[in-house]
Structures are given as C-alpha cells and as structure tokens.
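Subject: Structure handover

Hello,

Here is the structure I promised to pass on. Please open it first, then read my notes beside it.

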Amino acid sequence: MDSNKKYWKGLEELNRTPEFVEKNKNEFAEPIPIEDVLSGDGLSAKTPRRDFLKALGFGVGAVTLAACQRVPVHKSIPYLIKPEEVTPGVANYYSSTYEGQAILVKTREGRPIKVEGNPNDVFSRGGLSAQAQASVLDLYDVNRLKDPKINGTDAGWTEVDAFVIKELAAIKAAGKNIRLITSTVYSPSTLAVIADFIKQYPTAKHINYDAVSYTGIIQANQNSFGKAVLPHYNFDKADIIVSFAADFLGTWISGEEFTRQYVSNRNNKSLESKKMSRHIQFESGMSLTGTNADVRIPIKPSEEGVALISLYNAISGTTLPGSTKLANKAADNAITIAAKELVAAKGKALVVAGSNDVATQILVNAINSLLGSYGTTIDLDNPSKQYAGNDAEFVEFVNEVNRGEVAAVLILNANPVYDYFKGKELVAALNKVRLKISFSDHNDETAGLATVVAPNHHYLESWGDANAVEGYYTVIQPTINPVYNTRQAEHSLLVWSENPVKDYYTYLRNNWNNGLLAKGGLSGQSGWETLLQTGMIKTAPNTAGTYTFNRDLNAVAQTILNHSNSLVAPDGKYELQVYQSQAIGDGKRANNPWLQELPDPVSKVTWDNYAAISIADIKRLKLEEGDVIRVEANGYTVDVPILAQPGQAQGTISIAVGYGRTQAGPVGDNVGKNAFPFYSFRNGTFQTTAVASFNPTGIKSPLAQTQTHHTYEGRSIIREATFTEYKKDPAVHSGNEKGHRDYNKESLWDDHDRPVYDWVMAIDLNACTGCGACVVACSAENNIPVVGKDEVRRRREMHWIRIDRYYSYEEKGESITEEREIDKLSNFDNVTVVHQPMLCQHCDHAPCETVCPVLATVHSSEGLNQMAYNRCVGTRYCANNCPYKVRRFNWFNYWNDSRFDNYLNNEHTQLVLNPDVVTRFRGVMEKCSMCVQRIQAGKLKAKIEKRPLKDGEIKVACQQTCSANAIVFGNRNDPNSEVSKALKSERTYYVLEELNVQPGIGYQVKVRNVSESEA
C-alpha cells in the first residue's frame, strides 16, 4: 500500500521551504541568552512574583483553608480507600461525575490534583477526554467569583436571598413571566428542584439551550417515530459506517464512548480475528473523524443533502423528486459504492450526519430504517439525555423578552450573550428584564449583565447526580470544601422557592431514597455509601425496538434541496462551515491554559482559531498561510488568519467556534475570534453553514503550530497496510514479513540484564485516533508547564508526549519540490492521515546518554531512561542527539516568571501540582519518565501487601486516559503481560529501528479497510 506514498507533517516539510530547512538544519532555533544570564537579568522574572500575584489577585489562603478542613463534607466516601482521614503522602480517590461520565478524583492532603475515568463507566471504560482531564485546573482559577453580587457589588448570601425572594414575589403577584435558561439538565435531582421552583412560581418555564445544538436529530426522531430523543448509537455493532460531517470520534455527542466502540472493531484483537469495520466519511473540513476514516471524500456543505438523497435512491431503488446527480464525480462514485456495501451489511450498518437540519436527519432516519439499523446500531429506547436543547424555544424566549413579557430570567450553565448567534440582540432584549440572575462562577459575558450573580460551585465542590443515558445514574460528591464564598445553584433555587428542604445535600439524599437507590438494588445508609464508593448504578436496559420509517419523503427531499441550493456559493464566494475544535469545544473552558496549549489534532495550531482553506484555493488567490482575511457571512464580519488545510474541500472555509471570548479570564480573553454569530436560524433549528465572502486585510498573523518543529528527513516512520494485505500476511510492511532484509544489529554497547522488570510500551496506530487526551493527562500528572502562544511559535512547547500527524497521498510521478499547477493541487484534497503518539522511546542504546557530559541522563536496571535534574547543566547535547526529538528544554523558570500568563506560575494554582513529581527549573532538560512515580508506588504497594506486582496494576497517565486503549504499558519480562503479547504481534515495528538504538516502545502497523482502487 505504501510503496508510492510520501509522508509529511506539514506543507513546509513537503515543499522544503527555506525557512523550514534553516530551522531544522540548526537544531535549536535560538541560542541560550548567555549575556542575560551572566548579567542576572535572565535569572529572575521581570516582575516579582508577589507583585504578579497581587496584580492578578492570586492567593493561597482560600484554598489552604478549604483543603485543611476535613474533606469532603457530609461524609463522602473515598473510592475503596478507608479510613476516610487524610494521610500525608497518601492519595485518596473519590467517585464523582464529569458531564454525565463517572470519574475518579485523586486528592492529596485534601486538595484535588487529578481526575481519571472510572473503569466501570459505561461510556469509555476508564478513558477520559482532554477537557475532563483539564477540568481540575478550573477549580484553582482565581478569576472565579469569590462572592455573590447585586448590581455589580459584592453582597452576602442573606442579602441576596432577601432581595431575590422579594423580587420574585412581586413578579409572581403581577403575573409576569419567569424563565429559567439552562444548558441541558440531565440530573434527576436538579430537575426535581426546578420542578419545585416552577410549582412555587407558576409563570416560570424551564428552557434547555445548548450552544452546540442537536435539536435537528431530536425533532427528526419525533417526526419519524414519535420519540423526541437523541439516540444511543452503537458503533461497535456496525460493520460499515457512513458519516456525513459527523465528527463522532471528536466532538459529536459522546466522542469518548464512540471512540471505544469504534476502535473495538479495528484494534489488534479485532484484526487478529480477521475482522475490521469499514468507515466512509463525507465532509468539507478535515475533522478528527475524517482523519481516521478508511475512505474520506471532501464535499461542500451544499452537496451533503444531495449526496444523502442519492444514497437513499441507491439503497431504496426509487427516485425522490428533484433528485440530481452530484457534480462531484468522486463523491458520486463513493455514494454508489457505499450504498452497495450498506445494503450488504443490512442490520450491521450505520449512517450518521452532523447536520442540525431536521429534514436532513429525517432522511438519515429513512436510510437507517431501510438498513435495519434500529434495534442494533441505533437504540431509541435507551436514549442519550446529554442534549435536549430546543432551538425554537430559545428563539421564542428572545422574542418574548423583546415584547416585554418576561420579568425575570435565571441563567444556569449557559452563556447566551456569547454563544447565541444574535448576541447583540439578546443584550438589548435583556436590558428590558427587571430581574436577571446568573449562576455563573465567572463574571462571563452574560453574568456581566445580571442584576444578581449567585456563583455556583465548581463540580469538584458540589453534590449532585446525573442520568446521561437511560438506565445509567452517576453521583457527584465534593472532594474539597468550597474555595470561595459560592453556593450550589440548586441550593439557591430551594431557598428562593421557599422549599421546606433548603439544604441540597438533604434534598439529594431524599430524592435517591425515594426510588433511585432501589433502581440499583440499594437501600438505606449502606446503600448510599455503596453508591458513593462505586459512583454509579446501572439498571436493566430497555429492549431496543425496531422502528420502520413510513413517512412520505417528497416534501422532505424538496426541503433538503432548497436548503442545499441556498448554500451554493456564487462566483467569488465560499461555503462556510463552523465547527467545534477538540480542545476548546463551545468555549466554556476557554480560560483553561492546558486546553489552549493543546495542539489541534488536525492542524496542530494552539492558542487561536483560523480560517481553514484548501491549498488550491489559497494558491489560486495568491495568498499565504498566516495572511489575515476578513470573512463576512450572515451580516457578521471577523478577521482571522488563514490555514492551508490539506483535505479541505475546494470552495469552502471552516472556522471553529469557542474562541473570541471577552470575559473568560486572562487566559482566554481575546484568543481567536467568535464564530458563533455565523450561525443562522432556519426551519426551526440553528444552522452552522452559510455563504461567505472574504478579502485579504494585508495583515499577517503567524499561527502557533507544533507539527513542523522537527523533521525525520524522509526516514520511514509510518507503516501502513490494507486490510486485504493484512489478511494475506499479518506481518506485511512491519519488517517482520518473510524475506524482509534486516538491518545490521552490531552495536558498540553491551546489553544489560533486566532481572525483574523491563518496562516497555506498545502503541496501536489502528486504535489511536489522535484526540490528544493523553497530552493533557501527561501535563496534569507530571507538572508540565504552559508556555503560551509566543513560546510555541519559538518551538519551545514543553509537552512530554506529542501526537504527530502525517499527511500522505499517492505520488503520480511528480517531484515534490516542483511548482504544481492549480489542477494538480487537487492531490491535497484527497490526503490520508495517520496519527502517531511520540514520546521518549527509552532506548536500551540511548544516544542521549552517551553524549551527556555530566551523566544527567542515565539508564536504569528496569529499562528506563532517567533524568537527574540536579546534574543537568543544559548543554542540550542530548536533545541534539535524540533521533525522535522528544526532549524539552526549560528556557525559563516557568513556575516563577510573570512573563507567562498562565495558571501554573503562582502559589494558588500550584496547589494542582503533583507532589510526587518535582518541578523543573531553567536550563534543565526534561522528557517522558514513563510516570516513574506511578511505577514506584505500584511496586511499594505490592511489597507492603507481600505479593508480586500484577500486570495492569500500574498504568501510566497517557495509557489510563486513552478511551481507545491504544497505549499498553507493562513488564516485558512477564510473558503473560498484555504488553508482551502486544509486542509479539506480527504488526509490531520500532520507529527508526535501523539506527539500532533499541527503543522500548513498539508501534503496530496502521491498517486501512480499503479496496485496491481506493488505496
């Protein structure tokens, strides 16, 4: 498959631009500033830490007091660790919930420092997203509100309660409307609190509003089957998956759960059974899901509806009115192939679409009904409850406010002034409302307009529950007392509705005692304690029913065609698609530096959003990457830099939402531009597509990308095979196949014995989706600093693990350095992508060790390449001699330098640091340690319990968070260990093994389920 393929990280490497060649010829882009160091100017921050803390308001007192109290309150139960009392130096784990997913929270000396997935969670079996990993950092954000406010002035809770109760009573007496606006609430107890509030105030109404909406799917199911639900999809039961712009491995509905399902039919275990699902993706912008597809077809948003109609026609053998052939021949051929394969896999097929258009989703329902998907790959009887927002209801709410019919608005877990597409109109409308209450824990864009701000707890300070999927209930328990003078929103609603039970913990207990505990076969105090220990209960699922679609599709098809025609861009204009990025999402966590510095899985851009445009369009318009353009659509204009994106459909632009915050905090403010105003409201739902125009501004804004900071100079790094090739020879392209010419294994170094442990790792490229959760998990576990946009531009990012993204396409005899005509640039539209986690390989013959003049990097008797930070003098010889480029140099004392505006350089948020890992200082090299602190802790536990160490007992941070289980770590000396078995796979190869550095990490060949013509 890969004989004619050229792999490249970015266009700079492919075209060998002078700047790229120069930067990579010189190992380090900038010299160490010796003069500054010798003069003393470089040894300390420009601003003393104390002044910096004073300026940003950081302090250690509040958290210290919260952590020193017995935690958590109300007799929370540590996860399987008793007694409850804090033992210095010993971690406690508590079950809790993050956005409906069961998690474990690690605390040290009363302070939460890390979150992990609960291995019994139904979503990802212990995996966790990057956003969930980063959520612990938000607890220590000093920009959280410290007290409630009335008209912008700090107030006490007694004063707030008296004011709100008086105002609500007056509004109730006048018969005026009250509206409670929330993001989707799927907590049974919170819903009960809201119901009690509405009983007290009968003119109140609860409206679910989600910044990223799934109303189209919900309404389509109501129209198709009489069930207004968001289905529970089973990608693990699908032999063929066809997706139309649904980023189901990334941000669509439940990415971690879908990742686990998807990979189960494509990983090593599945391949050894000679089984592999097939995935075809149609989309305009290159998504995370698109990078993992077997076949990816770039299409414009206006072609999506036409393609679905063509697919329905091909499957059903009918012709819907107004059907037209796709002008895109590649897409038209792919639809024909997809239809045949879907019909052949009837009952084990799945078609999904990312569109929020009701008519489009009705047609998708019709297709899935023909394929027998309901009851197998789609479950309507055990639906997801994570998104229940109703777009039309929210638009009507804005109209109500404009008409002066609403006297009070309460807003919980929502920020519509920022993310509603007509934010300015909403601001003007809210100014007419007598009482505006925000429960935001930050003074965000919406809270800034509120009469009363009643700051909610962070979820790690809260009690609660969740029911994210039918039959699956999880509990939220606090892991620390409230850091600031905040109060849970449910508590406030209970007080304001004059509920007999004003304490939310008691209310929660009562709610569970009145039926929820019994659903899990539990009862009483012992049942409650069991719930807190396990974190969840599961009830028997409903039988997934089969559903037959029998609606007339004529009008549906016409609506789709009308919508598609409205998106066709005339000459000089482009079709715009807005989407969520993997790290920032809808922007709620824009003030989190771990997420801002997480490279985008596809573009590898940090600290910014951008306009992704096809390379052919950029060449045609004589623009360059980094040029700032002014994009106009739906009456909104924004200036963003260009990104030359391989795989982008020609004639389209993609821009991520979630950026452009103005009141997020010092980290997130003015990072990127707000793309939510590009939304529109059509046929009852929010639409994410539009016709746009753009013009160059003449300004340049270089993007902070991490991908091309190093190069392998054309060496063989990625190895691929087709599924057909694999079935003939499982060792194909791995270097293990018969007749393969081996490299010379003669060495200058002696081999060393590993008598007890030989710690190694296996990474399955067929399982890794490139999501980046491991990067954030590693940062949280190993105290890795955030350096900011400017430092990333200077090639100084500090991540110990990176996910390299490689593009490739089949070469057709052209030199890669020659100037191509526009028509040949279509090669870039059809690139394939491979993601490869890259970290220190812990080589047995490590080239870094031989060049260190002070023995700062040495090899352990257990196969680990270790760093002695106090020895390191910063020559950087080791980084220069490392062929994998995985070592990081501390250019500054990131922990004590006010030039770095991030959470981690002050005493307050240093409370999130892992005390088992030393923080590094200026002039020192650092790199992956294989979480040696976890290794030592596991060995110590086994020694105390007088037993051998068990396989799987030690999990490194990157491995533990991976929903795909792409990373396996363990002891190679144990022949029965999972890692030993993985490394014995015929697919296993070692990167740059021809150098004979004997890396300790084996990779498994990427396999694609494609035909010979598609390969």
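A caution before the findings: this is a predicted model.

**The whole chain**

The protein chain has 1015 residues, and 63% of them are buried. Its secondary structure comes to 32 helices and 42 strands. Now look at contacts between residues at least 6 apart in sequence. Of these, 75% join residues at least 24 apart. The accessible surface is about 37400 Å². Carbon and sulfur atoms account for 50% of that surface.

**Two strands under cover**

Start with strand S39, residues 967–971. Is it enclosed or open? All 5 of its 5 residues are buried, so the rest of the structure largely encloses S39. S39 pairs with strand S32, which spans residues 759–764. The two run antiparallel, with 5 bridges between them. To find the pairing on screen, go to Val 760, which stands opposite Gly 970 in S39.

Next, go to strand S12, residues 295–298. Both of its faces are covered. Val 295 and Ile 297 are buried on one side. Arg 296 and Pro 298 are buried on the other. S12 is joined to S11 by 4 bridges, and these two strands run parallel. Here Glu 283 has Pro 298 of S12 as its bridge partner.

**Two residues with positive phi**

Most residues other than glycine have a negative phi. Two residues here go the other way. Asn 683 has a phi near 55°. Met 930 also has a positive phi, of about 55°, and is not a glycine.

Where do they sit? Asn 683 is in the loop between strand S27 (680–682) and strand S28 (685–687). Met 930 is in the loop between strand S38 (925–926) and helix H30 (932–944).

Their surroundings are worth checking too. Asn 683 has 47% relative accessibility, so it counts as partly exposed. Met 930 has 2% relative accessibility; the cut-off for buried is under 20%, so Met 930 counts as buried.

**Cavities**

How many cavities of 30 Å³ or more does a search of the whole structure find? The search finds 17. I looked into the second largest, which holds about 860 Å³ of space. It is lined by 48 residues. The closest to its centre are Ala 245, Gln 577, Val 578, Tyr 579 and Thr 688.

Several elements each supply at least two residues of this lining, among them strand S11 (278–283), helix H13 (301–316) and S28. By class, the lining has 20 nonpolar, 24 polar and 4 charged residues.

**The largest pocket**

The largest pocket has a volume of about 1800 Å³. Its lining is made of 50 residues. Nearest its centre lie Gly 952, Glu 953, Ile 954, Lys 955 and Gln 960.

Which helix gives the most to this lining? That is H30, with 5 residues. Other elements supply at least two residues each, including strand S3 (101–108), helix H10 (255–263) and S32. So two elements from above return here: S32, the partner of S39, and H30, which follows the loop of Met 930.

The classes in the pocket lining are 17 nonpolar, 16 polar and 17 charged. Set that beside the 4 charged residues in the lining of the second largest cavity.

Best wishes

How values were computed. Residues numbered from 1 in each chain as written. Predicted model: local features only at pLDDT ≥ 70, side-chain atom pairs only at ≥ 80, totals over all residues. Heavy atoms only, no water. Buried < 20%, exposed > 50% of the residue type's maximum accessible area, 1.4 Å probe, protein only. Pairing = 2+ DSSP bridges. 1 Å grid on protein atoms, 1.4 Å probe; cavity = no way out; pocket = protein on both sides within 12 Å on 5 of 7 lines; lining within 4 Å. Points joined across faces, edges and corners; volume = space filled by probe spheres on them. Nonpolar A, V, L, I, M, F, W, Y, C, P; charged D, E, K, R; others polar. Contact = heavy atoms within 4.5 Å. Areas by Shrake-Rupley, 256 points an atom, 1.4 Å probe, with all protein chains shown as cover.
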